[in-house]
Amino acid sequence: MYLHTFSPASLLLAWAICSASVWVLFRIYYTKLQTANRARRTDLMQRLGRSSDSQHLVGFFHPYCNAGGGGERVLWTAIAAIQRTEPNIVSIVYSGDIDATKEEIISKVKARFDIALDPKALDFVFLNSRKIVEDSTWPYFTLLGQSLGSMYLAWEAMSKLIPDLYIDTMGYAFTFHVVNLLAGIPVGAYVHYPTISTNMLNRVKSRERWHTNSDTISSSTFLSQCKLLYYRIFMYYYSLSLRSAAFIMVNSSWTQKHVNAILQHSDFVLDTLHRMIPFKMSSKNKYGSATSAQIVYPPCDTREISQFPLTGRDRVILSLAQFRPEKDHPTQLRAFSRLLQDHPQYIDSDHPVKLVLIGGSRNADDEARVQSLRSLAKDLGLQEYTEFIVNAPYPIMLNWLAKASIGLSTMVDEHFGINVVEFMAAGLIPVAHKSGGPLQDIVVPFHGQPTGYHADSVETFAEALHTALSLSDDEEHVIRQRARTWAVQRFSEEEFEQSWNASQWKSFLPVN
Ligand SMILES: *[C@@H]1O[C@H](CO)[C@@H](O)[C@H](O)[C@H]1NC(C)=O
Ligand SMILES: *[C@@H]1O[C@H](CO)[C@@H](O)[C@H](O)[C@H]1NC(C)=O
């Protein structure tokens, strides 16, 4: 009797009924949501004092829009550009800053970034459940927890207002499925940093192999297998999410390389399993899906520092980096020591060359690092020629940027290197590590001519410093000018707007 109840035919029937009901319930919900949304749009247009026809809504998913960091500068610059050039577009920001008002956010943007926003072409949808994407909510399985949380948050967003185009500017790729499903609108993204990278996956993989080869207890092998599986599943769905976007912009070559790798990622086993899930969220997007990411460099504020004079500079080598291990300050001291050994003339003069290290110290570890750097400088006999400035106030830093000659940066594989951009805009000649952003994006030839120097060891850093210090006045002036022109132009708001335009975002808006 029981066997009969669970026969394949009845299971199939139950499954069919179940899927049909889910589908029907979903269609009812979808239709109600769309109807309610039409009323919400009309309301919004009235509130903003606009006529509701021929207006488009572009929604920016940026739950931390009031944070005042680099990601927020990108968001507000994009919105300001849209306001300037597209009179029929209203920008909507999905924000979790429920304790701030629209007016407060707008005036903070003005104060922090000097970006003026028109309140008539901008509105906020405030989200109450932002805490669900916070780190602290998910002490375990953080990646997964935050991603599921972001899907819930996107549901809240779409149930409050559906725009015509959705752009995620904070890296919540898992929200794309929710938006595709509930809103049926095109999705785009500006990615600062991939949520999980193929590197991470490979690291776990190789650790796993290492465990298998050693005689570590099997339980830890089991754990690392689980972790690998977790990452693998996560990567599969992350890649699926990114592919459901119609266009993807990235902030640097580094991020582009990683995002492109993720877009190409394939996993035959998981793909086969995924196809068997009955109620899966579709990764298909009728607006086409991105196959590669396009670089849109974020704008940097170089207005003030690019006014500093190029001539009359002191013989100061300036380092501008938090006292963190990856910044590799010891190499700076060793290279400087090497320079003085090879070329004692730099200190046997009335104006000895000096190395100034400015940086933030966040905690006791950083403080200890500063102490050990000071003693390294002493051991190398550099005391007289080096100066450490810890947690300098902004005006002091500007003061050094206005008078130093050379900017030194030794970090390996830095994703970007805003300090190097600042060196160049301020008129310093950059000497930066031959890797990452400084190699690929920043200290690159301009009209075929160099804008600075690269090095990758104590010896080559010493040589590059010597080259930069021994330029003739004319050569020096030319290279400072070139570096400044390049940095200011490449990381300008105008350049940003041009590349943002090139992403074709506008072509995804519905035609009226
Ligand atoms: C891109 O975003 C990441 C993460 O916020 C940041 O570390 C990096 O400096 C950014 N790159 C640029 C070019 O601003
Ligand atoms: C971007 O496109 C808009 C028109 O859509 C145009 O007005 C604006 O000048 C463009 N910006 C740049 C920097 O090309």
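These exercises with worked solutions explore a predicted model of one protein chain and its ligands.

**Exercise 1. Describe the chain as a whole: what secondary structure does it have, and what share of its residues count as buried?**

Step 1. Start with the secondary structure. The chain comes to 18 helices and 13 strands.

Step 2. Look at the extent. Along its principal axes, the C-alpha trace spans about 100 × 70 × 40 Å.

Step 3. Turn to burial. The chain has 512 residues, and 51% of them count as buried.

**Exercise 2. Find the site of ligand 1: which residues are around this ligand, and which classes do they belong to?**

Step 1. List the neighbours. They are His 192, Tyr 193, Asn 251, Pro 298 and Phe 416.

Step 2. Sort them by class. Three residues of this shell are nonpolar and two are polar; none is charged.

Step 3. Place the ligand. Ligand 1 sits in the largest pocket.

**Exercise 3. Examine the polar atoms at ligand 1: how far is an oxygen atom of the ligand from a polar side-chain atom of Asn 251?**

Step 1. Take Asn 251. A polar atom of its side chain lies 2.4 Å from an oxygen atom of ligand 1.

Step 2. Take His 192. Here the backbone supplies the polar atom, and an oxygen atom of ligand 1 is 3.2 Å away from it.

Step 3. Check how much of the ligand is covered. Ligand 1 exposes 360 Å² when taken alone, and the protein buries 66% of that.

**Exercise 4. Move to ligand 2: which residues surround this ligand, and which helix gives the largest share of the shell?**

Step 1. List the shell. Thr 85, Glu 86, Glu 494, Glu 497, Gln 498, Asn 501 and Lys 506 surround ligand 2.

Step 2. Find the main contributor. Helix α18, residues 493-502, provides four residues, the largest share.

Step 3. Sort by class. The shell of ligand 2 holds four charged residues and three polar ones, with no nonpolar residue.

**Exercise 5. Work through the polar atoms at ligand 2: how far do polar side-chain atoms of Glu 86, Glu 497 and Asn 501 lie from atoms of the ligand?**

Step 1. Begin with Glu 86. An N or O atom in its side chain is 2.7 Å from an oxygen atom of ligand 2.

Step 2. Go on to Glu 497. The ligand atom is now a nitrogen, and a polar side-chain atom of Glu 497 lies 3.0 Å from it.

Step 3. Finish with Asn 501. Between an N or O atom of its side chain and an oxygen atom of ligand 2 there are 2.3 Å.

Step 4. Add the coverage. Alone, ligand 2 exposes 360 Å², of which the protein buries 60%.

**Exercise 6. Study Arg 480: is this residue buried or exposed?**

Step 1. Locate the residue. Arg 480 is found in helix α17, residues 473-490.

Step 2. Apply the cut-off. Buried means under 20% relative accessible area. Arg 480 has 1% relative accessibility, so Arg 480 counts as buried.

Step 3. Find a partner. The side chains of Arg 480 and Glu 476 are joined by a polar contact of 2.7 Å.

Step 4. Test the partner. Glu 476 also lies in helix α17. Glu 476 counts as buried because its relative accessibility is 19%.

Step 5. Look along the chain. Glu 476 and Ile 429 are 47 residues apart, and their C-alpha atoms are separated by 8.3 Å.

Technical notes
Residues numbered from 1 in each chain as written. Chains lettered and ligands numbered in written order. Predicted model: local features only at pLDDT ≥ 70, side-chain atom pairs only at ≥ 80, totals over all residues. Heavy atoms only, no water. Near = heavy atom within 4 Å. Polar contact = N/O pair within 3.5 Å; in protein donor to acceptor, adjacent residues only side chain to side chain. Areas by Shrake-Rupley, 256 points an atom, 1.4 Å probe, with all protein chains shown as cover. 1 Å grid on protein atoms, 1.4 Å probe; cavity = no way out; pocket = protein on both sides within 12 Å on 5 of 7 lines; lining within 4 Å. Sits in = over half its atoms within 2 Å of the grid points. Nonpolar A, V, L, I, M, F, W, Y, C, P; charged D, E, K, R; others polar. Helix = DSSP H or I, 4+ residues; strand = E, 2+ residues; numbered from the N terminus. Buried < 20%, exposed > 50% of the residue type's maximum accessible area, 1.4 Å probe, protein only.
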